[in-house]
Amino acid sequence: MMINITGTGRALPENTVTNFDMAKLVETSDEWIRERTGIVERRISTGDTVASLSAKACELALEMAGKKAEDVDLIIVATCSPEMLLPCAACQVQGIIGAKNAVAFDLNAACSGFLFGLSTVYAYLQTGLYRNALVVGAEVLSKIIDWTDRSTCVLFGDGAGAAFVEACEETEEKAGIISISQGSDGARGMVLSCQERKLSNPYITEAIGEENNFVHMDGQEVYKFAVKQVPVCIQDALNKAGLTVEDIDHFVLHQANVRILEGVAKRLKVDVSKFPMNLNRVGNMSSATIPVLLDELNREGKLKKGEKIVLSGFGAGLTYGACVMIWN
Ligand code: UT7
């Protein structure tokens, strides 16, 4: 069985916020943000939701794959910033697009979310339980960010990307997802956190939990984790695929920081030109970064049939993952 991505789509809020706009909100500068992160501007929602952006991205992915919403078997939305705890974003998307035959649920692995969603879909499709799936990475992070904290608010953006994934009969040419490697390190998880809500019930006198439920991050610890762990994870996925870094045409990584991408490229001894980037235009959109970049490359015709691609995500949890695939 071959598991292929046959359609991609993305949706971004219209509102563009530049580094100069950020400098009007907090004590920062275009120079600092550009030099430390590579980000120049990001999209910030003025009404779009995880569900609405996901639905748009899914419709575009379905259109590219030549499928109707009723054809979809499974929808997984990877998000850490849903509007609602219940119903989950995936069920909202199902309702919006009319995918009435699908099973839908959310998955939270933060910035690794799309990768973890893809590996979940891969496992389902391999067993034959479902024939196809929409896997989405979507975030409206602007609502869980402290807009007075310059160390985090300049980094993030809102958006969604989707991929339509299908199980196809094997052909002589190898294609689709070849290997996956994933890991988690919960013991170090508090370096990037966001409290949901307090514990409050009739059996305790005082509510337990944090007052301020915004994203908190020890940036340097996350940075060190990413630069060290991601190359190891990519190498593991390559070993499983029987390939080497030289065989890979594109490294489509989570877009957190240009310096992280350069650090990973250096450790892998790969020219950084093989690492496409869009974070200058959209910032860090957590689970949405990989599918949005993949859709940009796909629609611009930059992914050629037979090319070997590595996808890799890393972030809160801590979580990390990599996937090797052959584009077709
Ligand atoms: O998606 C996965 C999760 N996130 C990440 O992958 C992020 C990983 N980490 C990073 O990308 C980097 O650590 C950051 C971009 C977050 C920070 O860069 P850094 O080079 O590690 O800076 P720093 O935290 O060491 O801060 C250096 C200085 C500090 O000032 P002092 O103490 O040296 O006087 C900060 O207060 O920069 C200051 N600073 C800022 N200055 C201007 C922090 N944020 C800003 C800001 N503008 N926005």
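**Exercise 1.** In which loop is Pro87 found?

*Solution.* In this predicted model, Pro87 belongs to the loop between β4 (74-78) and α4 (89-97). The next step is to look at the bond before this residue: Leu86 and Pro87 are joined by a cis peptide bond, with omega at about -5°.

**Exercise 2.** Find where the cis peptide bond between Gly317 and Leu318 is placed in the chain.

*Solution.* Begin with the bond itself, which is cis and has an omega of about -10°. Then place Leu318, which is found in the loop between β12 (308-315) and β13 (319-326). As background, most peptide bonds are trans, and most residues other than glycine have a negative phi.

**Exercise 3.** Determine the sign of phi at Ala110 and the loop that holds this residue.

*Solution.* The phi of Ala110 is near 50°, which is a positive value in a residue other than glycine. As for its place, Ala110 is in the loop between β5 (103-107) and α5 (113-127).

**Exercise 4.** Describe the polar atoms that face the ligand at Thr28, Arg36 and Gln220.

*Solution.* Take the side chains in turn, looking in each for an N or O atom. At Thr28, such an atom is 2.6 Å from a nitrogen atom of the ligand. At Arg36, the partner is an oxygen atom of the ligand, at 2.8 Å, and at Gln220 an oxygen atom of the ligand is 2.5 Å away. Taken on its own, the ligand has 960 Å² of accessible area, of which the protein covers 73%.

**Exercise 5.** Work out which parts of the protein build the shell around the ligand, and where the ligand lies with respect to the two domains.

*Solution.* First, count the residues: 22 surround the ligand, and the closest are Thr28, Gln220, His254, Asn257 and Asn284. Second, sort them by class, which gives 10 nonpolar, 8 polar and 4 charged residues. Third, turn to the space that the ligand takes, which is the second largest pocket. The elements that contribute two or more residues to the shell are α2 (30-37), α6 (150-153), α7 (219-241) and α8 (258-268), and the largest share, 4 residues, comes from α7. Finally, because domain 1 (2-168) and domain 2 (176-326) both give residues to this shell, the ligand lies between them.

Notes. Residues numbered from 1 in each chain as written. Predicted model: local features only at pLDDT ≥ 70, side-chain atom pairs only at ≥ 80, totals over all residues. Heavy atoms only, no water. Polar contact = N/O pair within 3.5 Å; in protein donor to acceptor, adjacent residues only side chain to side chain. Areas by Shrake-Rupley, 256 points an atom, 1.4 Å probe, with all protein chains shown as cover. 1 Å grid on protein atoms, 1.4 Å probe; cavity = no way out; pocket = protein on both sides within 12 Å on 5 of 7 lines; lining within 4 Å. Sits in = over half its atoms within 2 Å of the grid points. Nonpolar A, V, L, I, M, F, W, Y, C, P; charged D, E, K, R; others polar. Domains from an automatic or database assignment.
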